[in-house]
Amino acid sequence: MIEVKNISKNYGDQIAVNNVSFSIQQGEVVGFLGPNGAGKSTMMKIINSYISSDVGVVRVGGIDIFEDSVGAKRKIGYLPENNPLYTEMYIREYLEYVADIYKIPFSAIDVVIKQTGLTKESNKKISDLSKGYKQRVGLAAAIIHNPDYLILDEPTTGLDPNQIVEIRNLIKEFGKEKTVLLSTHIMQEVEAMCDRVIIINNGKLVVDENLDNFREEDTDTCRVVFDKEIELEILQSELKVEVFSSNSKKTYKFKHYEKSILKKLYEFSEKQNINIIEFKVSKKSLEDTFREFTT
Ligand code: ADP
Ligand code: MG
């Protein structure tokens, strides 16, 4: 379990993380979502005890990361943002270097090379690899010590669509055995991989929901266009549902679509002697819901 309690971090007068608390249960794959500058990377560096927080507590697998950062790091695999690698090294050489840091036997190298699909490339220099394969090397380095927890900071940013699918599939594989926290600013990424979503905005936690609950925020909206102008107040009082006017008095929006709206609109148009010239239902995407929480 990862427990984050009341974590705050300022850089000078820049507030990066503002009193954030959440916990992640064993085996969960959690998407850590937020716009650029929200505080995702800062929070992930703190969990990995890469930087310290100003206040708060983080426990990973029961270990207080500020009291025993070495012990915690043994349990955590961390892929930093932009995946810093020693590109002049060969893949194997680099993984040997990482294995040395963790003081683990080199036999682990073959295991991760296979796990991350690097077998064919394993004798290449890192600088000669495509971005997708570099990302695999980053993932191999992150899991070489067989950690229970994976902290992945924007693991698919900058990859082409095929590479994105490949890396997502790898992460899904890891997610079967490990507890994963992965950051992204793309909602579809969370849909594709995660059980739960945590959204931060301006350093504050704004959503912590499992994906199914989050989807329920996701209702359809609808829009009507009349052939004549009608006052908002009249429409509102006749229909008794929440109505939003747009720039013309002919077009109105409803926050939620229900079949009863259509019936009410027909009755209304009869009574007012006007015609409905358009009625459109719009699906609200998870992207839209994300935007509602972060703008
Ligand atoms: P995200 O990963 O969500 O894009 P970050 O955690 O990188 O967000 O950044 C959160 C805020 O903290 C931003 O306003 C960023 O400019 C600021 N910040 C991050 N790192 C530093 C730093 N080393 N010094 C000063 N400000 C920083
Ligand atoms: Mg970041």
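Start your tour at the seam: select domain 1 and domain 2 together, and you will find 12 residues of domain 1 in contact with five residues of domain 2, contact meaning heavy atoms within 4.5 Å. You are looking at a predicted model, in which local features need pLDDT of at least 70, side-chain atom pairs count only at pLDDT 80 or more, and totals for chains, interfaces and linings use all residues. Residues are numbered from 1 along each chain as its sequence is written, chains are lettered from A and ligands numbered from 1 in the order in which they are written, and side-chain values use heavy atoms, leaving out hydrogens and water.

**Stop 1: the two domains**

To color the domains, use residues 2-211 for domain 1 and 220-294 for domain 2; these bounds come from an automatic or database domain assignment. Their C-alpha centres lie 44 Å apart. About 720 Å² is buried between domain 1 and domain 2, and carbon and sulfur atoms give 73% of this. Buried area here is the accessible area (1.4 Å probe) that two parts lose on being put together, summed over both. Now show Met 187, Ile 199 and Asn 201 as sticks: they supply 45% of the area that domain 1 buries against domain 2, more than any other three residues.

What holds across this interface in polar terms? The rule finds two residue pairs in polar contact, both at pLDDT 80 or more. A polar contact is a pair of N or O atoms within 3.5 Å; within protein, one must be able to donate a hydrogen and the other to accept it, and residues adjacent in sequence count only if both atoms are side-chain atoms. Across the same interface of domain 1 and domain 2, the rule finds zero salt bridges, a salt bridge being a side-chain nitrogen of Lys or Arg within 4 Å of a carboxyl oxygen of Asp or Glu.

Next, select α7 (187-193), β9 (196-201) and β10 (204-210), the elements that give two or more residues to the side of domain 1 that touches domain 2. Helices (H or I, at least four residues) and strands (E, at least two) are DSSP runs, numbered from the N terminus. The largest share of that side, three residues, comes from α7. By type, the residues of this side divide into seven nonpolar, four polar and one charged. In this scheme Ala, Val, Leu, Ile, Met, Phe, Trp, Tyr, Cys and Pro count as nonpolar, Asp, Glu, Lys and Arg as charged, and the others, Gly among them, as polar.

**Stop 2: salt bridges**

Side chains of opposite charge can pair when their charged atoms come close. The whole structure holds 13 salt bridges. Zoom in on Arg 196 and Glu 28, whose closest N and O atoms are 2.7 Å apart in a salt bridge. Arg 196 sits in strand β9 and Glu 28 in the loop between β2 (14-24) and β3 (29-33), 168 residues apart. Both Arg 196 and Glu 28 are buried; buried means under 20% relative accessible area, exposed over 50%, and partly exposed in between (1.4 Å probe, protein chains only). Add Asp 208 to the selection, and you have a network of salt bridges linking Glu 28, Arg 196 and Asp 208.

Move on to Glu 166 and Arg 136, a salt bridge with its closest N and O atoms 2.8 Å apart. This pair joins helix α6 (residues 161-175), home of Glu 166, to helix α5 (residues 131-143), home of Arg 136. Glu 166 is partly exposed because its relative accessible area is 34%, while Arg 136, at 9%, counts as buried.

**Stop 3: helix α1**

Select residues 40-47 to see helix α1, where seven of the eight residues are buried. Among them are Met 43, Met 44, Ile 46 and Ile 47. After α1 comes Ser 49, with a positive phi near 45 degrees.

**Stop 4: two loop residues**

Which loop holds Asn 202? Look between β9 and β10. Its phi is near 50 degrees, a positive value in a residue other than glycine, and Asn 202 is exposed at 61% relative accessible area. Then go to Lys 240, in the loop between α9 (232-239) and β12. Lys 240 is not a glycine either, yet has a positive phi of about 55 degrees.

**Stop 5: Phe 244**

Finish in strand β12 (residues 243-245), where you will find Phe 244. Not counting residues up to four places away in sequence, Phe 244 touches Leu 232, Tyr 252, Lys 253 and Lys 255. C-alpha to C-alpha, Phe 244 and Lys 255 are 7.8 Å apart.
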